[in-house]
Protein chains: 2
Amino acid sequence: MTQAALDVVGIGNAIVDVIAKADDAFLAANGIEKGAMTLIDTARAEELYGRMGPGIEMSGGSAANTMAGIASLGGKGAYIGKVRDDQLGTVFRHDISAIGVRFETPASNSGAPTARCLILVTPDAQRSMNTYLGACVELGPEDIDAALIQSAQVTYMEGYLFDPPRAKEAFRKAADLAHAAGRKVSLTLSDSFCVGRYRDEFADLVDRRIDILFGNEHEVKSLYQVDDFDAAVAAVRGRCEIAVLTRSEKGSVVVTRDAVQAIPAEPVSKLVDTTGAGDLFAAGFLHGYTTGRDLATCARIGAIAAAEVISHIGARPDASLAELVRARLG
Amino acid sequence: MTQAALDVVGIGNAIVDVIAKADDAFLAANGIEKGAMTLIDTARAEELYGRMGPGIEMSGGSAANTMAGIASLGGKGAYIGKVRDDQLGTVFRHDISAIGVRFETPASNSGAPTARCLILVTPDAQRSMNTYLGACVELGPEDIDAALIQSAQVTYMEGYLFDPPRAKEAFRKAADLAHAAGRKVSLTLSDSFCVGRYRDEFADLVDRRIDILFGNEHEVKSLYQVDDFDAAVAAVRGRCEIAVLTRSEKGSVVVTRDAVQAIPAEPVSKLVDTTGAGDLFAAGFLHGYTTGRDLATCARIGAIAAAEVISHIGARPDASLAELVRARLG
């Protein structure tokens with residue numbers, strides 16, 4: 001195995017977030033599942049956008065947020081995802097490139113516009129996401145750059161990739177390329193509703209293709225259809241090299257064949273918007289992993305990155321995570 | 001004179017802000033005039049966007065920010081400005097409509113895209129603005145809805161309207177319509193460089209067409225080419241019904257033929273981004289004016305609105321200004 005030129009390559013749905021404040025009554029009146037990621041079509045996107053308040057547009061997308069986090073931590077990363085050649089696609093490309101992530105997937109020049117996610121943030125800092133997939137449906141195996149995958153220590157993918165029709169083929173192609181090159185493959189389960197949609201495929205994937213799995217408590221319980229956290233830990237243990245289960249303010253648990261380690265959450269002065277918490281936890285963990293840290297430290301860096309992103313509006317870091325980690329870990 | 005259906009109609013350049021953090025070295029390396037609004041062409045916009053960091057997109061535009069402020073204060077307002085029928089134009093239209101401002105100017109369907117302003121915010125909270133006027137150059141007298149102007153107590157316009165070629169005609173048409181209907185006309189000087197470009201026209205406008213003038217200390221000194229603040233007060237006094245001179249943390253001074261009143265600034269817990277300070281001061285003042293408050297209270301409401309907008313990133317209110325004013329003024 002040659003020295004890896006990149007730490008992580010992320011593959012995901014390339015999305016621009018449209019973030020607005022809302023109250024619980026608005027969610028109820030508009031039939032929005034609180035805390036979930038719901039897929040919406042064009043008509044629903046227009047209807048919901050017409051009803052929601054003034055927004056802020058920021059580049060998002062789960063794996064893209066993770067890659068932005070890795071760059072902010074000082075890591076070397078690349079991203080694969082599909083935008084359209086429109087204004088929001090230009091914004092997405094600018095933002096991820098400007099933070100230092102390689103992004104060379106060609107934009108589509110016909111079909112649906114760049115994807116957007118209408119995110120309603122309630123006063124309790126919870127986010128409810130409504131995703132119009134747009135150009136993401138064009139992502140396919142032809143977008144997987146073999147040399148890029150082979151050059152990265154870890155290929156990281158989001159479970160949300162199972163929603164567009166051909167992205168899961170891209171996902172499997174990338175996993176096979178990575179393994180053939182002696183690299184690691186990592187997956188985030190993304191969302192418990194997403195796990196509900198693809199439970200059998202995800203369980204099979206974890207057994208056969210995933211080395212490092214990320215999921216929150218609800219997602220892993222849903223994956224193995226168990227009711228309590230300890231049962232989820234027992235169910236996932238041994239199915240992949242490392243499983244990292246996140247539990248919000250209860251911290252995280254790192255599960256390997258040999259050990260189960262619990263790592264506390266970082267203190268947060270003010271919880272503003274939980275969008276991106278899981279994405280940034282994964283960024284911190286993978287940055288630790290690709291720079292040779294022990295697993296407890298990986299989880300600690302994940303917690304530091306997650307704590308930063310939930311202290312402000314938006315799903316990407318607002319401060320240098322490298323400096324933050326230096327200050328916290330010394 | 002009939003009862004006014006609207007408090008204020010604002011006319012301005014309809015712009016989407018692209019806000020990024022930068023340091024003074026970046027401004028120097030890229031030849032950006034700190035604290036100013038500089039007009040840029042397509043090539044410069046692409047060059048600068050390519051160099052700046054990840055951004056946040058938010059609807060902006062000076063008079064549009066003022067109208068958003070008036071709506072947030074509970075006032076009734078409308079806006080006239082020109083976007084293109086593109087994604088950023090849709091964002092602009094959504095945001096100003098969603099906060100409760102009537103915006104019915106048709107979008108252009110050919111020519112330049114919706115305007116954007118690349119705003120670099122330095123660690124001292126100062127903003128440096130680089131404006132690509134785009135579709136704003138299409139605004140002309142045909143966009144002035146006579147019935148709308150006649151229905152508003154105050155027609156408010158930004159000095160920046162003198163930059164696109166035909167907007168000043170729209171400006172003069174609106175002023176004449178307002179006066180013929182017995183309404184008031186208000187102008188903000190916008191920026192001292194803008195005053196430098198149109199000094200004679202602005203001075204003539206103030207003498208002949210403006211009832212309520214807004215300008216900061218630097219702008220009014222530039223308008224009358226005087227060196228100190230007292231000379232600026234003396235120079236503007238009597239040239240229009242009310243002149244409001246803002247002085248950042250030193251508060252504001254309201255100048256009428258009969259009196260000169262100084263009103264202190266509101267305390268700001270954390271200064272984050274000064275973008276929109278002048279726009280929101282004007283919103284607060286005009287809201288007070290159109291709801292029958294005395295001039296000192298108008299300036300106090302202006303100070304409260306300005307203090308809110310400089311405490312966070314972005315040029316539009318992040319909290320209900322109506323609630324804030326109730327809490328402060330009782």
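Leaving aside neighbours within four places in sequence, with which residues is A36(A) in contact? In this predicted model, the contacts of A36(A) beyond that range are with S128(A), D191(A) and F193(A). A36(A) itself lies in the loop that runs between helix 1 (24-29) and strand 3 (37-39) of chain A. A separation of 93 residues in sequence lies between A36(A) and M129(A), yet their C-alpha atoms are 6.1 Å apart in space. A36(A) has 14 other C-beta atoms within 10 Å and is therefore classed as partly exposed, since a buried residue would need 20 or more and an exposed one 12 or fewer.

The association of the two chains was examined next. In chain A, 18 residues are in contact with 18 residues of chain B. Strand 4 (56-59) and helix 4 (87-98) of chain A each supply at least two residues of the side that touches chain B. The most is given by helix 4 of chain A, with six residues. By character, this side of chain A divides into nine nonpolar, five polar and four charged residues.

Two copies of a chain are related by a rotation about an axis and a shift along it. Here, a turn of 180 degrees and a shift of 0.0 Å along the axis lay chain A on chain B with an RMSD of 0.0 Å. This is the relation of a two-fold axis. Within chain A, the C-alpha nearest the axis belongs to E57(A), at 2.4 Å from it. Of the interface residues of chain A, 100% are also interface residues in chain B, so the copies meet through the same surface.

Note on methods:
Residues are numbered from 1 along each chain as its sequence is written. Chains are lettered from A and ligands numbered from 1 in the order in which they are written. This is a predicted model: local features need pLDDT of at least 70, side-chain atom pairs count only at pLDDT 80 or more; totals for chains, interfaces and linings use all residues. Helices (H or I, at least four residues) and strands (E, at least two) are DSSP runs, numbered from the N terminus. Two residues are in contact if their C-beta atoms, placed from the backbone, lie within 7 Å. Ala, Val, Leu, Ile, Met, Phe, Trp, Tyr, Cys and Pro count as nonpolar, Asp, Glu, Lys and Arg as charged, and the others, Gly among them, as polar. Copies are superposed by least squares on the C-alpha atoms of residues with pLDDT of at least 70 in both.
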